[in-house]
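Got the viewer open? Let's walk through the model one selection at a time.

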Amino acid sequence: MSLLRVPKRLLLGSSLSLSILNQTRKPRRPFCFNMSSESSQPLTHSLTLPTQLGQPIKIIAAPGVSDSQFRTAIESSLFKQWLKNLESENGILATGSFLLKQVLVQGVDMFGQRIGFLKFKADIFEKETGQKIPGIVFARGPAVTVLILLSSEGETYAVLTEQVRVPTGRLVLELPAGMLDADKGDFVGTAVREVEEETGIHLKLGDMVDLTAFLDPSTGGRVFPSPGGCDEEISVFLYRGCVGKEIITKLQGKETGLREHGELIKVHVVPYKELWRMTADAKVLMAIALYEMAKGGGLLPLKN
């Protein structure tokens with residue numbers, strides 16, 4: 001187990017220089033399209049998938065979606081990953097029982113130069129009955145979260161963050177978490193960075209345990225918190241450390257976050273045995289279940 005030292009920022013274990021591996025960009029998925037942008041007509045895009053040869057998919061921009069937003073949405077990793085999922089082994093289109101006819105792009109939210117959120121409506125039908133399947137999609141892509149367990153003087157504590165969550169109208173206690181940068185796919189590196197930004201704790205990369213990797217391969221090694229409306233899939237990591245009681249005290253109530261990005265975060269440290277009942281955050285409850293099952297099944301590596 002690694003010990004914490006407290007210089008200007010809190011450190012868990014020895015300092016680690018993180019080097020994020022450059023990912024080779026995958027070649028573009030081949031598809032055929034035509035773009036129409038006549039002023040009297042809505043923006044449209046025609047796309048053909050390998051599973052629907054001869055049955056092109058019409059993509060339309062809703063009123064208020066600009067030409068640049070429409071083009072950015074179609075070329076985004078969020079939209080391309082959704083198309084890839086449709087044709088995957090467990091994908092909706094894989095068996096040939098369903099047909100995607102049209103996609104209506106309804107909204108695009110940019111995070112700097114990249115798409116953060118994408119909202120669209122997909123018209124998918126069951127071929128045999130002609131029944132339309134509910135298809136409103138809020139796309140935000142993959143994310144990571146970390147269950148941090150700190151042992152101190154015979155007690156195990158979990159680290160939570162208190163954040164302003166406008167969609168819920170509440171202040172929410174939750175695990176440190178964050179979205180992946182587009183096209184990078186560095187799950188463990190993102191997890192480490194998010195923990196440091198949200199708690200001030202610097203984790204050793206090699207001490208991270210991917211709890212979702214223990215899931216059956218058919219799941220893709222991720223969890224879907226709200227698959228009825230959102231494509232978000234989360235990787236859940238575990239970190240275990242041993243610290244002095246003074247570290248627990250220093251963490252409690254610590255104010256962190258990237259203020260320039262509107263992050264107003266306060267750190268909370270709670271006894272692990274009380275964690276399950278202290279927050280309604282789904283990430284917390286998923287992490288507890290994964291951790292307890294992996295521990296009970298003897299799947300966790302020994303602590304350093």
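**Stop 1: charged pairs around helix 2**

Select Glu 75, which is partly exposed at a relative accessible area of 36% (buried means under 20%, exposed over 50%, partly exposed in between, with a 1.4 Å probe and protein chains only). Before going on, note that this is a predicted model, where local features need pLDDT of at least 70 and side-chain atom pairs count only at pLDDT 80 or more, while totals for chains, interfaces and linings use all residues. Residues are numbered from 1 along each chain as its sequence is written, and side-chain values use heavy atoms, with hydrogens and water left out.

Now add Lys 80: Glu 75 makes a salt bridge with Lys 80, and their closest N and O atoms are 3.3 Å apart (a side-chain nitrogen of Lys or Arg within 4 Å of a carboxyl oxygen of Asp or Glu). Lys 80 is buried, with a relative accessible area of 19%. By this rule the count comes to 8 salt bridges.

Widen the selection to helix 2, residues 77-86, where the buried residues are Leu 78, Phe 79, Lys 80, Trp 82, Leu 83 and Leu 86. (Helices are DSSP runs of H or I with at least four residues, strands are runs of E with at least two, and both are numbered from the N terminus.) Their cover includes helix 1 (67-75), strand 6 (98-111) and strand 7 (114-126), counting contact as heavy atoms within 4.5 Å.

**Stop 2: a link between two loops**

Which residue pairs with Glu 232 in a salt bridge? Pick Arg 140: the closest N and O atoms are 3.5 Å apart. Glu 232 sits in the loop between strand 14 (209-210) and strand 15, and Arg 140 in the loop between strand 9 and strand 10, so this pair ties together parts 92 residues apart in sequence. Glu 232 is buried at 13% relative accessibility, whereas Arg 140 is partly exposed at 22%.

**Stop 3: strand 12 meets helix 6**

Next, show Glu 174 and Lys 283, a salt bridge with its closest N and O atoms 3.2 Å apart. Since Glu 174 belongs to strand 12 and Lys 283 to helix 6, the pair ties together parts that are 109 residues apart in sequence. Buried or exposed? Glu 174 counts as buried at 4% relative accessibility, and Lys 283 counts as buried at 13%. Add Arg 165 and Asp 281 to the selection: salt bridges that share partners join Arg 165, Glu 174, Asp 281 and Lys 283 into one network.

Stay on helix 6 and colour its buried residues, among them Val 284, Met 286, Ile 288, Leu 290 and Tyr 291. The cover over the buried residues includes strand 10 (143-152), strand 11, strand 12 (170-174) and helix 5 (272-275). Just after helix 6, check Gly 298, whose phi is positive, near 70°.

**Stop 4: along strand 11**

Go to Thr 161 in strand 11, residues 155-165. Thr 161 is buried, with a relative accessible area of 0%. Not counting residues up to four places away in sequence, Thr 161 touches residues including Val 172, Glu 174, Pro 176, Glu 198 and Ile 265.

Finish with Val 164, also found in strand 11. Val 164 counts as partly exposed, at 47% relative accessibility.
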